[in-house]
Amino acid sequence: MRVRAGSARPRSKVPAVQNAVFLVGFMGAGKTSVGRALGERLNWHFEDLDDRIERREGRSVPEIFRECGEQEFRRMESAALRDVLSESRGGARIVALGGGAFVHHQNAAFLSASGVPTVFLDATADELWERCSKQALDSGANRPLLGSPDQFRNLYDTRREGYAKASVTVLTGNRSVETIAAEIEKKLGLRRISIRVEQGEVE
Ligand code: S3P
């Protein structure tokens with residue numbers, strides 16, 4: 001196709017790597033449930049970065065926060081992210097990051113340098129608070145940084161700009177997990193695979 005001088009299309013923010021997707025966004029954005037649904041649609045491997053940290057540490061994220069503090073958790077989170085990005089074996093994968101991972105500049109820089117697409121699952125602070133409170137009641141989900149409604153909103157406000165740097169943004173308010181997964185698939189032009197290469201963490 002010829003492009004006339006002066007009519008160049010705006011450059012897409014979607015990176016070229018087509019066998020990995022990283023889901024980012026605030027607590028309660030649905031990164032894990034959407035990631036699982038997208039994994040099933042595409043037959044891609046799904047992984048939650050917090051699960052990797054918990055497996056490695058042999059304790060839960062709330063325990064890590066309690067026993068070592070947030071700074072140490074962030075160090076573990078960065079190390080786990082670097083490891084995921086450096087694992088070249090295996091097939092296509094979707095990775096859900098914890099709510100604070102992408103807003104740390106070094107992590108965003110690793111992701112950007114590796115050329116993988118990042119998807120920001122967006123929602124209002126009110127919706128996110130409602131979802132997190134419901135999850136806490138229904139399943140006892142214990143999020144160390146949940147705080148009060150005001151603390152939650154302040155944290156959301158300071159982070160939102162960082163999430164918006166993701167390759168694409170998908171709105172999640174009042175939409176089903178399936179609809180959101182289908183939109184990501186379409187926006188990134190992802191392809192279902194027929195045979196999945198099982199992936200495991202290299203210890
Ligand atoms: C965090 C979010 C949590 C978890 C940790 C810190 C954050 O993950 O990584 O408690 O800083 O927002 P979810 O976003 O899956 O709740």
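Me: Which residues come nearest to the ligand?
Reply: In this predicted model, the ligand has 14 residues around it. The ones that come nearest are Lys31, Asp50, Arg74, Arg143 and Arg159.

Me: How do the residues of the shell around the ligand divide into nonpolar, polar and charged?
Reply: Each residue of the shell is placed in one of three classes, with Gly counted as polar. The shell around the ligand divides into six nonpolar, three polar and five charged.

Me: How much of the ligand does the protein bury?
Reply: A polar contact needs N or O atoms within 3.5 Å. An oxygen atom of the ligand lies 2.7 Å from a polar side-chain atom of Arg143, and one lies 2.8 Å from a side-chain N or O atom of Asp50. At Gly100 a backbone N or O atom is 3.3 Å from a ligand oxygen. The ligand taken alone exposes 380 Å², and the share the protein buries is 93%.

Me: Which helices each supply at least two residues of the shell around the ligand?
Reply: The ligand takes up the space of the largest pocket. At least two shell residues come from each of helix 3 (61–68) and helix 4 (70–86).

Me: Are the rings of Phe26 and Phe152 stacked or edge-to-face?
Reply: The whole structure holds six aromatic pairs. Phe26, in the loop between strand 1 (20–24) and helix 1 (31–42), is 126 residues from Phe152 in helix 7 (residues 149–163). Their ring centres are 4.9 Å apart. Planes over 60 degrees apart count as edge-to-face, and these planes stand at 80 degrees, so the pair is edge-to-face.

How values were computed. Residues numbered from 1 in each chain as written. Predicted model: local features only at pLDDT ≥ 70, side-chain atom pairs only at ≥ 80, totals over all residues. Heavy atoms only, no water. Near = heavy atom within 4 Å. Polar contact = N/O pair within 3.5 Å; in protein donor to acceptor, adjacent residues only side chain to side chain. Areas by Shrake-Rupley, 256 points an atom, 1.4 Å probe, with all protein chains shown as cover. 1 Å grid on protein atoms, 1.4 Å probe; cavity = no way out; pocket = protein on both sides within 12 Å on 5 of 7 lines; lining within 4 Å. Sits in = over half its atoms within 2 Å of the grid points. Helix = DSSP H or I, 4+ residues; strand = E, 2+ residues; numbered from the N terminus. Phe/Tyr/Trp six-rings, centres within 6.5 Å; stacked < 30°, edge-to-face > 60°.
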